[in-house]
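The following exercises are to be worked with the sequence and the coordinates at hand. Each task is followed by a solution in steps.

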Amino acid sequence: MNTTVATKFTDLNLIQPLLDRLKELDYKLPTPIQAQAIPSVMQGHDLIAGANTGSGKTASFALPLLQQVYELKKDKADNTSNKGNFVKGLILVPTRELAKQVSDSIKSYANHLNGAVKTVCVFGGVSINPQMLALRGGADIVVATPGRLLDLISSNAVKLDKVKTLVLDEADRMLSLGFTDEINELLALLPKSKQTLLFSATFPEQVKALTKELLKDPIEIQLQSADASSLVQRVFTVNQGQKTALLAHLIKEHQWQQALIFVNAKNGCEHLADKLSKRGVFVDVFHGDKGQGARNRVLDAFKAGEIDVLIATDIAARGLDIEKLPVVINYDLPRSPSDYMHRIGRSGRAGEVGLALSLIDHEDYHHFKVIEKKNKIRLEREEVEGFEVDQSLIPKLDKPMAKPEGTGKKKRKKKSDQTPDVWLNGTDSE
Ligand code: ADP
Ligand code: MG
């Protein structure tokens, strides 16, 4: 492989209609992951690609995939084009909103390909019939959440045996326990010989081990860096029972135009929304118990700046690209250290400045240390005036949680060793 890193889109052997579109979108230079991943994908390699949130991973697989499919279609010898319900490029993602976003990006990049590449997006929570219709006669690229794709396969609306390229976006999430059964079912339906591309901002070791079976001589690109980010991370300590008051205070003081607040459960969203509303803060909620129509409306309104404060579960943690989102707040800490990176990565995207705040009470203290350790960060604990932490708790705070009664004298396994680095079961999976 060429060792000099390409620095312009024109160095990447992209076809003119794609280059023209990138110019229109004002993409001046490829991001580092684009510069490195696009040539590898074009050469047909399997790939593990790790790069920070907001660093342009979508285009890293979408552009070469579009080009491959486009060229294949021009090649008369290819007789899979528009015959039967076959698919050539399959992109699997963890949430419905991300499916829509990735599919919209692909369609946008394909703007000057004169409709030659048919992209179809399928996900659950909405009527299946329009998706079946859209898939009639096959599709060049399908972007899907796994459950709905399996439903469509069992209705014979789509067939995977001609897939040439499989992409797992948010790959570590797709390979975590919450999706294991569905992914295995899909993998069994895919041809053995294909190109497989994994993209994520995080690849915990447990997941890397799983990728060995999935990939053939993969090229590995890991460009994650903690310091190159334009995102400022801060952590505020607070007494137990005072998080909501502190949060309301911060929202009022900073007058953020858009703030995304993460909690760990659907009912936690509603509960916090209630409490904040009573304190005069206007909020809306985004979680898996809402109907798809409501989910779309809320997310669109938030993106459009019509909702100042959105309280969400981790269904909003992965992949969503909300332009210039100024602040993300962890009201509850995420269980997995990886998801900390994904949550905060909704802010500070594409080089914009951003802020990530975590509110920790003494119950969170140890877990936050684990998150810091796994993500190789260390943040100064700060206090907010008027919300000073009870000093008498502080010496205890910095230690692991007290041993439960009667556990004997044996040294307890460090809690950090027990904390999973990936979601074992999502609180709010699709
Ligand atoms: P990731 O998947 O790495 O989190 P995305 O693919 O969602 O990031 O891209 C983040 C944002 O950056 C998107 O709004 C996208 O349009 C923009 N973007 C991607 N590549 C470029 C580029 N080369 N120049 C300018 N903006 C870009
Ligand atoms: Mg992404």
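**Exercise 1. A helix and its surroundings**

Which residues in α13 are buried?

Solution. The model is a predicted one. The criterion needed here is that a residue counts as buried under 20% relative accessible area. By that criterion, the buried residues in α13 are Pro337, Ser338, Asp339, Tyr340, His342, Arg343 and Ile344. The helix spans residues 337-344, and seven of its eight residues are buried, so α13 is largely enclosed by the rest of the structure.

**Exercise 2. The surroundings of ligand 1**

Describe the shell around ligand 1 by its composition, its domains and its polar backbone atoms.

Solution. Begin with the residues: there are 15 around ligand 1, and Tyr27, Gln34, Gly54, Thr58 and Asp321 come nearest. Sorted by character, the shell comprises eight polar, four nonpolar and three charged residues. Next, assign the shell to domains: domain 1 (9-222) and domain 2 (231-425) each supply at least three residues.

Then examine the backbone. A polar backbone atom of Leu29 is 2.8 Å from a nitrogen atom of ligand 1. For Gly54, a polar backbone atom is 2.6 Å from an oxygen atom of the ligand. A backbone N or O atom of Gly56 lies 3.1 Å from an oxygen atom of ligand 1. Finally, consider the area: ligand 1 taken alone exposes 570 Å², of which the protein buries 81%.

**Exercise 3. Two loop residues**

Locate Gly138 and Gln258, and determine whether each is buried or exposed.

Solution. Gly138 belongs to the loop between α5 (129-135) and β4 (139-144). Its relative accessible area is 3%, so Gly138 is buried. In space, Gly138 is 8.5 Å from Lys118, C-alpha to C-alpha, while the two are 20 residues apart in sequence.

Gln258 occupies the loop between α10 (243-254) and β9 (259-262). With a relative accessibility of 8%, Gln258 also counts as buried. A polar atom of the Gln258 side chain lies 2.8 Å from the backbone oxygen of Phe302.

**Exercise 4. Cysteines**

How many disulfides does the model contain?

Solution. The test is whether a pair of cysteine sulfur atoms lies within 2.5 Å. Applied to this model, the test gives zero disulfides. As for accessibility, Cys121 has a relative accessible area of 17% and is therefore buried. Cys269 is buried as well, at 0%.

Note on methods. Residues are numbered from 1 along each chain as its sequence is written. Chains are lettered from A and ligands numbered from 1 in the order in which they are written. This is a predicted model: local features need pLDDT of at least 70, side-chain atom pairs count only at pLDDT 80 or more; totals for chains, interfaces and linings use all residues. Side-chain values use heavy atoms; hydrogens and water are left out. A residue is near a molecule or strand if one of its heavy atoms lies within 4 Å of it. A polar contact is a pair of N or O atoms within 3.5 Å; within protein, one must be able to donate a hydrogen and the other to accept it, and residues adjacent in sequence count only if both atoms are side-chain atoms. Accessible areas come from the Shrake-Rupley method with a 1.4 Å probe; for residues, only the protein chains shown count as cover. Ala, Val, Leu, Ile, Met, Phe, Trp, Tyr, Cys and Pro count as nonpolar, Asp, Glu, Lys and Arg as charged, and the others, Gly among them, as polar. Domain bounds come from an automatic or database domain assignment. Buried means under 20% relative accessible area, exposed over 50%, partly exposed in between (1.4 Å probe, protein chains only). Helices (H or I, at least four residues) and strands (E, at least two) are DSSP runs, numbered from the N terminus.
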